[in-house]
Amino acid sequence: MSKKEGGNKSVLDLERYRGQTIRVKFTGGREIKGVFRGCDAVANLVLDNVQEYLRDPEDPYKVSEKTRFRGFLVARGPAIMLICPADGTEEIANPFAAA
């Protein structure tokens, strides 16, 4: 029986972010920022120097700029909604929100 080429290769090309700071958003609303160290085929991430963004006490759906240090972290792939580089991103106003 022959082995298929690229058997356990991930659809995501995250290797280009190795050693760079990335921001990760999870289902449930948590957000973290840390240095990307590696991943596997199901997008389980290994991050170092992780900071978790705290939620606004008045609005639990809003993330504040306050953080707490988490250190070394392994993030479970199925719980991840968004992965983006920390540099070069900015929040914009929602063009579809009612004025």
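User: Looking at this model, in what order do the five strands sit in the open sheet?

Analyst: Keep in mind that this is a predicted model. The five strands pair in antiparallel fashion, and the sheet they form is open. Going from one strand to the next, the twist averages 30°. The order is β4-β3-β2-β1-β5.

User: Which strands stand at the edges of that sheet?

Analyst: An edge strand here has a single partner strand, so one of its sides is left without a neighbour in the sheet. That description fits two strands, residues 63-75 and residues 80-85. They are β4 and β5.

User: Let's take β1 next. Which residue in β5 is the bridge partner of Arg23?

Analyst: Strand β1 covers residues 21-26 and runs antiparallel to β5, with five bridges joining the two. Along that pairing, Val24 stands opposite Ile83. For Arg23, the bridge partner in β5 is Cys84.

User: And on the β2 side, what is the bridge partner of Ile22?

Analyst: β2 spans residues 31-39, and five bridges join it to β1, again antiparallel. The hairpin of these two strands has four residues between them, and Gly28 takes a positive phi near 100° there. The partner of Ile22 in β2 is Gly34.

User: Which side chains of β1 point to the buried face?

Analyst: The side chains alternate along this strand. Thr21, Arg23 and Lys25 point to one face and are not buried. Pointing to the other face, and buried, are Ile22, Val24 and Phe26.

User: How many residues make up the largest nonpolar core?

Analyst: In soluble globular proteins, nonpolar side chains tend to be buried together. In this model, Ile22, Val24 and Phe26 belong to the largest nonpolar core, along with Leu14, Tyr17, Ile32, Phe36, Leu45, Leu47, Val50, Ala75 and Ile80. The elements giving two or more residues to this core are β1, β2 and β3. The count is 12 residues.

User: Which residues does Ala75 touch, leaving out those up to four places away in sequence?

Analyst: Ala75 is itself one of the residues of the largest nonpolar core, as are Phe26, Leu45 and Ile80. Ala75 touches those three, and Ala43 and Asn44 are on its list too. The full set is Phe26, Ala43, Asn44, Leu45 and Ile80.

User: Moving to charges, is Glu52 buried or exposed?

Analyst: Glu52 sits in strand β3, residues 45-55. The cut-off for buried is under 20% relative accessible area. Glu52 comes in at 6%, so it counts as buried.

User: How far apart are the closest N and O atoms of Glu52 and Arg70?

Analyst: These two form a salt bridge that links distant parts of the chain, with Glu52 in β3 and Arg70 in β4, 18 residues apart. Arg70 is partly exposed, at a relative accessible area of 42%. The N and O atoms are 3.1 Å apart.

User: Glu52 also meets Arg30, so which residues are linked in the network of salt bridges?

Analyst: The Arg30 and Glu52 side chains meet at 3.6 Å, N to O. Arg30 lies in the loop between β1 and β2, 22 residues from Glu52, and counts as partly exposed at 47% relative accessibility. The network takes in Arg30, Glu52, Arg68 and Arg70.

User: What is the N to O distance in the salt bridge between Arg18 and Glu15?

Analyst: The structure holds seven salt bridges, and Arg18 with Glu15 is one of them. Both residues are partly exposed, with Arg18 at 44% and Glu15 at 40%. The distance is 2.5 Å.

User: Which backbone oxygen lies 2.4 Å from a polar atom of the Arg18 side chain?

Analyst: Arg18 lies in the segment before β1. The C-alpha atoms of Arg18 and Phe36 are separated by 5.2 Å, although the residues are 18 apart along the chain. Arg18 touches Phe36, Arg37 and Gly38, not counting residues up to four places away in sequence. The oxygen in question belongs to Arg37.

User: Last one: which residue has its backbone nitrogen 3.3 Å from a polar atom of the Ser64 side chain?

Analyst: Ser64 lies in β4 and, at 18% relative accessibility, counts as buried. Leaving aside neighbours within four places in sequence, Ser64 is in contact with Tyr53, Leu54, Arg55 and Asp56. The backbone nitrogen is that of Lys66.

Terms used
Residues numbered from 1 in each chain as written. Predicted model: local features only at pLDDT ≥ 70, side-chain atom pairs only at ≥ 80, totals over all residues. Heavy atoms only, no water. Pairing = 2+ DSSP bridges. Axes fitted to C-alpha atoms, helices over the stretch in contact; angles between N-to-C directions. Buried < 20%, exposed > 50% of the residue type's maximum accessible area, 1.4 Å probe, protein only. Polar contact = N/O pair within 3.5 Å; in protein donor to acceptor, adjacent residues only side chain to side chain. Contact = heavy atoms within 4.5 Å. Salt bridge = Lys/Arg side-chain N within 4 Å of Asp/Glu carboxyl O. Core = buried A, V, L, I, M, F, W, Y, C linked by side-chain atoms within 4.5 Å.
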